[in-house]
Every structure is written in C-alpha cells, then in structure tokens.
Amino acid sequence: SCLLSAMQVTLNWLDNLCHIKCSQVASKFVAFIAKYRMQHLYGDCAKIFKCALNALSRNVLGDNQANAELNMLCVTICQLLGSQCHHLLIEVLQTVPNVDMDDAKSLCALITAVPGKHPNATYRQNIK
C-alpha cells in the first residue's frame, strides 16, 4: 500500500517523464492486484485511476508517450478491475474535472461490461 501511495504522489507531479515510468509500474501492480483479487487494495487502485485521469487532463497534447502510458494505465484499471470494483471507478469519474458527462456514461458502460467484451482500442478511445 505504501508503494501504491507513492505512485499516486508521482502521478501528481508535473514531470511527464515520471508519469511514463510510474504508469508502466502501476499497470503491473494493478494486474497483480486484479489477478489475486486483493480487495483491500481496490481503493488505492481507484485513487491511482483518479491521479492518472487528472494527469491526462493537464498534460500537454504534444507529449504523446506520457499520454499513451497514462491512457494505457487507465485502460488496464478499467479492464481488470471494472468487474470487481466498478462502483469505485465510477465514483472517480464523478469527481474528475474536464470529464464530459456523455464520455463518463460511455466509459461507465465499458467498466461494467463483461470482462473481455471490448478491445483495448475501445477503452482507449473512451478514455481520451
């Protein structure tokens, strides 16, 4: 949990290079947490999801690598944890600025969908 808290802090930094590395590591941790259904860490994953969305909303459009890694982190969280803790992820969407209501609704539908029903590209497009 301490490491997950450190990831949240790192995603709040303005340095996009940190976002790249942190997103890659966080994706692996989320996959591990989802695989072993570590319910006590779902809240931390939701916080990381919020931090990633906040970082995406303030990143420079030209920084494609950082945006792509943050986007993939959000996709990983939605795909792997959507069926296990969708209520937490939907709560996050309600609190993040710059999220259009129609976008939030379509992403909520993806989060609550049957796992494996949608390809990564569909998640990625809705998170953008």
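**Helix packing and the setting of N54**

Read along the sequence, the chain of this predicted model runs α-α-α-α-α-α.

Me: How many helices and strands does the secondary structure of the chain come to?
Reply: The pattern along the sequence is α-α-α-α-α-α. The count is therefore six helices and zero strands, with a helix taken as a DSSP run of at least four residues.

Me: Where is the place of N54, and does N54 count as buried or exposed?
Reply: N54 has its place in helix α3, residues 42–58. Its relative accessibility is 17%. Buried means under 20%, so N54 counts as buried.

Me: Which residues is N54 in contact with, leaving aside neighbours within four places in sequence?
Reply: A contact requires heavy atoms within 4.5 Å. With the neighbours within four places left aside, the contacts of N54 are V96 and P97.

Me: How are α3 and α4 oriented to each other?
Reply: Two packed helices are described by the angle between their axes and the distance between the axes. For α3 and α4 (residues 64–95), the axes are 8 Å apart and the angle is about 130°. Angles over 145 degrees count as roughly antiparallel and 65 to 115 as roughly perpendicular. An angle of about 130° is in neither class, so α3 and α4 are oblique.

Me: How do the residues of the contact of α3 with α4 divide?
Reply: The crossing of α3 and α4 is left-handed. The residues of this contact divide into 20 nonpolar, five polar and one charged.

Me: What percentage of the residues of the chain count as buried?
Reply: The chain has 128 residues and exposes about 7,000 Å². Carbon and sulfur atoms supply 58% of that area. Of the residues, the share that counts as buried is 43%.

Terms used. Residues numbered from 1 in each chain as written. Predicted model: local features only at pLDDT ≥ 70, side-chain atom pairs only at ≥ 80, totals over all residues. Heavy atoms only, no water. Helix = DSSP H or I, 4+ residues; strand = E, 2+ residues; numbered from the N terminus. Buried < 20%, exposed > 50% of the residue type's maximum accessible area, 1.4 Å probe, protein only. Axes fitted to C-alpha atoms, helices over the stretch in contact; angles between N-to-C directions. Parallel < 35°, antiparallel > 145°, perpendicular 65-115°, else oblique. Left-handed = near helix turned anticlockwise from the far one by under 90°. Nonpolar A, V, L, I, M, F, W, Y, C, P; charged D, E, K, R; others polar. Areas by Shrake-Rupley, 256 points an atom, 1.4 Å probe, with all protein chains shown as cover.
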